[in-house]
Amino acid sequence: MSFDYDLFVIGGGSGGVRAARVAAAEGAKVALAEEYRMGGTCVIRGCVPKKLMVFASGYREMPGEARAYGWDVPDGVFDWVPFRDKLHSELDRLEQVYRGLLKGSEVEVFDTRATLKDPHTVALADGGTKTAKHILIATGGHPVRPDIPNAELGITSNDIFNFETLPKSILIIGGGYIACEFACILNGLGVEVTQFYRGAQVLRGFDDEARGLVAESMREKGIGLHLGTNIVEMRAAADAENATTLTGTDPAMGAPAQEAEALTPKARKGGPIWVKATNGMTGVYDQVLFATGRDPSTEGLGLEAAGVETGRRGEILVDAYSQTSVPSIYAIGDVTNRVQLTPVAIREGMAFVETVFKGNPTKPDHDLIPSAIFTQPELGTIGMSEEEAREQEPVDIYCTSFRAMREAFAGKTDRVLMKLVVSKATDKVLGCHIVAEHAGEMIQLAGIAVKMGATKADFDRVCAVHPTISEELVTMKSPVRSA
């Protein structure tokens, strides 16, 4: 049977684009369909714009630090609109870079939605069908709202970059990395931030000591973090200025607790929004951000008709080589709900090409993946947390926490955490966790050693670079405890 293409990729994010380009470089005839914008979540509404906002928010404390070091620098005022406009210009530029890469690789692009008709056929929303020997699904994921009345009033991370004006107050629901990152970003930009998380501590799944320090730092910077708290009711306040203040409310929740005298007949996105929490407290906020999880984007793709099996959350089930239950169809990235990180999707895409187009069956490596959370301070991590490791085997814990020289001189209270989780039996470093400015940069380098299987003795043999924060990774001589 002859096909229109050797490979048809559905999804123009980082994983799909990389797979398309590398397959084309191997001589395959490749097409790619993307219904929104080229670049996917990471480039258009995730990693890249978020990191630029992290940079912007970090300047809030710089004038005070500069004065501590002798510079006559006045405090400034953040102007959202010019920053936002420049941000979108940069995203436009990056999208064109992606398009240029595909064009240069001779990948045919369809700017429309594509769905499956059968194991070798896709239907395009603008009409027509295309056939391919292999189909790769890389449609990513999307943020979800909780199942509560008027949830449509709130926004998700997709909306953050499109504010017409910066809200004066915001309530963030969630305790994962997206919730915590945007809490720090918006706080740094001058927004009054309140955060609800139903769990006992934010950043579930990360090392307890590390996430505890992040939470403590968030509170010190003025974020109203409420643990063991969730939202139970939300309504659109007709007029925040006419709202009636309730007594007995907790001022630490952020914006003044108010109850609207009247409600709009229809729920509308944006604020002011009246909210009630599980602890009985109420408040009015300009915006409510739901950062309560992400689901794979598989709805309406035609997976069932093509025979592709999915999981409970709609994720596409794949084997170790990213192959679905249909031999001609593969899936990579967030749509499989394995590891939701852009570099992982790219690696999965490259492994797919090795397997299918180069005759070299390759499993993507999901072991010991370094990652960073861009809170303030950042959290960098690789390997096992102390809690995970001690469930597996006896371990020694090397840990130090201190005020870094730069912050201490400026009179700031920010603290650094450096932690190594080490196997008692083998001396192998099972995990490394860093809470500090630029922890993301440091964990990339430390991750090389951990991935190579370095022991604590290997770390100890490295001479320290002094004076630096990271020198603590090679100067912790005695464990603080064993578990």
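Me: What span should the 13 residues of helix α12 (residues 439-451) have, and how far apart are its end C-alpha atoms?

Reply: The expected span of a helix is 1.5 Å times one less than its number of residues, with helices taken as DSSP runs (H or I, at least four residues) and strands likewise (E, at least two), numbered from the N terminus. For α12 this gives 18 Å, and the end C-alpha atoms are 17 Å apart, which agrees. This is a predicted model, in which local features need pLDDT of at least 70 and side-chain atom pairs count only at pLDDT 80 or more, while totals for chains, interfaces and linings use all residues. Residues are numbered from 1 along each chain as its sequence is written, and side-chain values use heavy atoms, without hydrogens and water.

Me: Where does α12 bend?

Reply: A bend is the angle between axes fitted to the seven residues ending at a residue and the seven starting there; in α12 it is about 25 degrees, at Leu445.

Me: Which residues of α12 are buried?

Reply: Buried means under 20% relative accessible area, exposed over 50%, and partly exposed in between (1.4 Å probe, protein chains only). In α12 the buried residues include Ala439, Met442, Ile443 and Val450, and their cover includes β22 (416-423) and α13 (456-461).

Me: How many residues of α6 are buried?

Reply: Eleven of the twelve are buried, so α6 is largely enclosed by the rest of the structure. After α6 comes Gly190, with a positive phi near 100 degrees.

Key: Contact means heavy atoms within 4.5 Å.
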